[in-house]
Amino acid sequence: LQPRRGGPKNLPIAEVYIDDDEAKAKTKPRLVILGGGWGGVALLKDLNPDDYNVTVISPANYFLFTPMLPSATVGTLELRSLVEPIRRILSRVNGHFIRAKAEDVEFSHKLVEVSQLDHKGKEVRFYVPYDKLVIAVGSATNPHGVKGLENAFFLKDINDARMIRNKVIQNLELACLPTTSDEERKRLLSFVVSGGGPTGVEFAAELYDLLNEDLTRHFPRLLRNEISVHIIQSRGHILNTYDETVSKYAEERFARDQVEVLTNSRVKEVQPDKIIFSQKQEDGSVITKELPIGFCLWSTGVSPTALSQKLAKKLGDVQTNRHALETDTHLRLNGAPLGDVYAIGDCSTVQNNVADSIVSFLRKLAWSRGIEPETLQLHFSDWRQVAQDVKKRFPQAVNHLKRLDKLFFEFDKDQSGTLDFGELRELLNQIDSKLTSLPATAQRAHQQGLYLAHKFNKMAKISDAMLANDIRDGDLDAAVYKAFEYRHLGSLAYIGNSAVFDLGEGWSMAGGLWAVYAWRSVYFAQSVSFRTRSLMAMDWMKRGLFGRDLVA
Ligand code: FAD
Ligand code: MG
Ligand code: MG
Ligand code: MG
Ligand code: MG
């Protein structure tokens with residue numbers, strides 16, 4: 001049974017229908033999902049099983065529960081507990097899985113170009129046809145153009161966690177050898193984390209827990225004061241996207257735990273046994289410093305995958321964001337045929353119109369004062385009102401709100417205490433470029449996946465009826481379902497036997513053991529299955545009873 005060939009490259013075209021009744025199956029729209037991460041899996045979770053022929057394409061055949069990945073690096077959790085087979089998740093919707101990588105999309109032919117290595121290690125390529133395509137391929141690690149990253153470790157998938165775990169244990173064992181010099185032991189036990197975001201901070205906290213809870217028990221030769229943990233952060237504070245009280249709490253906690261936090265520092269190079277960075281001093285001068293490293297984690301943010309970059313380039317001018325694929329508020333990929341292609345999760349951003357919304361707010365303000373918008377002179381108190389309105393409508397802008405206040409003074413070029421129309425226009429341009437990005441979190445990807453599931457369910461019900469009534473609405477999405485709205489449900493981070501919550505709108509909490517349990521239960525609830533929940537619960541219990549498993 002040879003597949004037919006076709007498309008711009010005349011490749012084989014893979015058509016698969018999984019249904020008891022193939023004839024019936026062929027009448028259903030083909031829904032192809034690229035990626036089996038948070039976005040893709042949330043979509044699968046709520047999609048009606050009978051409405052679409054579903055195919056998931058991903059190089060990984062498992063869903064990864066990323067928020068717990070830092071715990072797995074030090075053996076608090078087993079690696080296997082954090083993954084769930086995609087095929088298992090797909091069975092509910094009678095879906096089909098192709099373990100391969102999406103390389104390109106032919107939008108006008110509705111084909112995804114896919115690659116995989118065959119049993120001889122030779123690359124094969126083929127097309128997968130779609131009626132609806134969802135791009136949910138996530139993001140890649142951001143190298144920031146730093147030299148020597150081959151000497152650093154990353155924390156993105158399960159193999160990364162495995163390698164980190166082995167390296168940490170290997171360093172501890174080497175440090176214990178009688179032939180290891182004092183200096184070499186200090187180097188082996190110097191753990192450096194580059195990047196003070198949630199991933200870096202949680203890894204540092206987990207590592208610290210390991211060193212404190214298990215080391216004295218299992219490695220009595222190692223002296224606690226020979227071990228050091230350092231976080232190198234480019235900004236003035238760690239967890240800088242969180243509420244101020246949260247980052248303060250984290251910093252105080254680390255100071256007490258003797259985890260060194262080096263702020264205003266930029267890594268220049270990672271060498272096999274040391275890391276070189278520059279640090280801005282209080283007087284403004286910059287000095288170059290170095291630290292010996294036994295291990296270095298690189299976790300300084302994310303950048304688009306090769307696929308996202310390729311598609312953005314292909315779609316041309318409508319894709320203007322350098323960091324993500326832009327969609328409209330219905331999550332449809334800008335520049336692709338309307339209603340064919342969607343993008344969700346880390347790989348995407350919703351182009352929203354904060355500036356438009358502000359303009360209409362200002363217009364109303366001007367009219368209420370009986371003046372033309374062009375002659376409006378905006379005082380700071382007016383601006384605060386605008387900021388409140390933005391905050392209500394665009395909750396993802398909450399973290400930037402402090403900066404909104406500052407913007408007023410920055411853009412009041414003539415320092416008149418008011419903004420005139422010209423000054424306002426400049427300011428709005430800046431807001432549109434800065435404030436429109438959604439956070440790259442599981443929470444967001446999850447919400448977007450569910451949104452598409454509910455919309456697709458509705459579309460499957462309605463499209464026949466609407467077409468029958470001859471409502472040939474080119475914009476079915478907007479006709480049947482509301483626009484996507486992100487709801488910020490707060491962020492949380494784990495910091496050495498305590499957790500900090502940032503609940504948005506200035507609410508924050510921090511606390512001891514009870515907070516850790518609250519934190520775990522939040523992630524338990526978000527977790528995909530009872531299977532995963534049970535496995536993790538058993539791991540935590542095991543660790544409580546027997547300590548971590550330090551075998552590699
Ligand atoms: P992903 O979940 O990354 O999924 C992408 C999928 O696409 C994967 O299956 C991948 O294999 C596949 N893929 C990649 N390239 C291709 C291709 N070319 N073709 C086909 N498939 C492809 N967020 C939180 O909200 N809270 C947290 O506590 C938190 N902690 C984190 C800790 C760590 C260590 C990490 C790495 C991330 C953490 N995040 C957290 C962020 C969160 O994991 C991401 O925001 C989320 O995974 C984004 O979901 P996604 O579906 O867009 O991408
Ligand atoms: Mg995904
Ligand atoms: Mg994932
Ligand atoms: Mg994505
Ligand atoms: Mg002025």
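This is a short tour of the structure, stop by stop, with what to select at each one.

The model is predicted, so local features need pLDDT of at least 70 and side-chain atom pairs count only at pLDDT 80 or more, while totals for chains, interfaces and linings use all residues. Residues are numbered from 1 along each chain as its sequence is written, chains are lettered from A and ligands numbered from 1 in the order in which they are written, and side-chain values use heavy atoms, with hydrogens and water left out.

**Stop 1: the magnesium ion**

Select ligand 5, a magnesium ion, together with Asp412, Asp414, Ser416, Thr418 and Glu423, which coordinate the ion at 2.2 to 2.5 Å. Thr418 contributes O, Ser416 contributes OG, the two aspartates OD and Glu423 OE. Donors here are N, O and S atoms within 2.8 Å of the metal (3.2 Å for Na, K and Ca); water is not among the atoms, so sites may look incomplete. Along the sequence, the donor residues follow the spacing D-x1-D-x1-S-x1-T-x4-E.

Now colour by accessibility: buried means under 20% relative accessible area, exposed over 50%, and partly exposed in between (1.4 Å probe, protein chains only). Thr418 is buried at 10%, whereas Ser416 is partly exposed at 43%.

**Stop 2: Phe421**

Move on to Phe421, which belongs to helix 14 (residues 421–435). Helices (H or I, at least four residues) and strands (E, at least two) are DSSP runs, numbered from the N terminus. Phe421 is partly exposed, at 34% relative accessible area. Add Thr375 to the selection: the two are 46 residues apart in sequence, and their C-alpha atoms are 6.9 Å apart in space.

**Stop 3: helix 5**

Select residues 158–175 and look at the helix from the side. Its 18 residues should span 26 Å at 1.5 Å a residue, and the end C-alpha atoms are indeed 26 Å apart; the expected span is 1.5 Å times one less than the number of residues. Then turn to view helix 5 down its axis. Where do its buried residues fall? They lie within an arc of 160°, so they line one face of the helix; the arc is that of the directions from the helix axis to the C-beta atoms. The buried residues of helix 5 include Ile158, Ala161, Ile164, Arg165, Val168 and Leu172. An α-helix has 3.6 residues a turn, so residues three or four places apart point the same way.

**Stop 4: salt bridges**

The structure holds 22 salt bridges, each a side-chain nitrogen of Lys or Arg within 4 Å of a carboxyl oxygen of Asp or Glu.

- Asp104 and Lys314 meet at 3.0 Å, N to O. Asp104 sits in strand 8 (residues 101–106) and Lys314 in helix 10 (residues 306–315), so the pair ties together parts 210 residues apart in sequence. Asp104 is buried at 8%, and Lys314 is partly exposed at 39%.
- Glu84 and Arg88 also meet at 3.0 Å, N to O. Glu84 is buried at 2%, while Arg88 is partly exposed at 46%.
- Lys9, Glu103, Glu113, Glu123 and Arg125 are linked in a network of salt bridges.

**Stop 5: a nonpolar patch**

Finish on helix 18 (residues 530–546), where you will find Met541, exposed at 54%. Show the surface of Met541, Leu545 and Phe546: they form a nonpolar patch with about 380 Å² of accessible area together. Patches are made of residues with over 30% relative accessible area and no salt bridge, with like charges joined within 9 Å and nonpolar side chains (Val, Leu, Ile, Met, Phe, Trp, Tyr) within 5 Å. The areas come from the Shrake-Rupley method with a 1.4 Å probe, and for residues only the protein chains shown count as cover.
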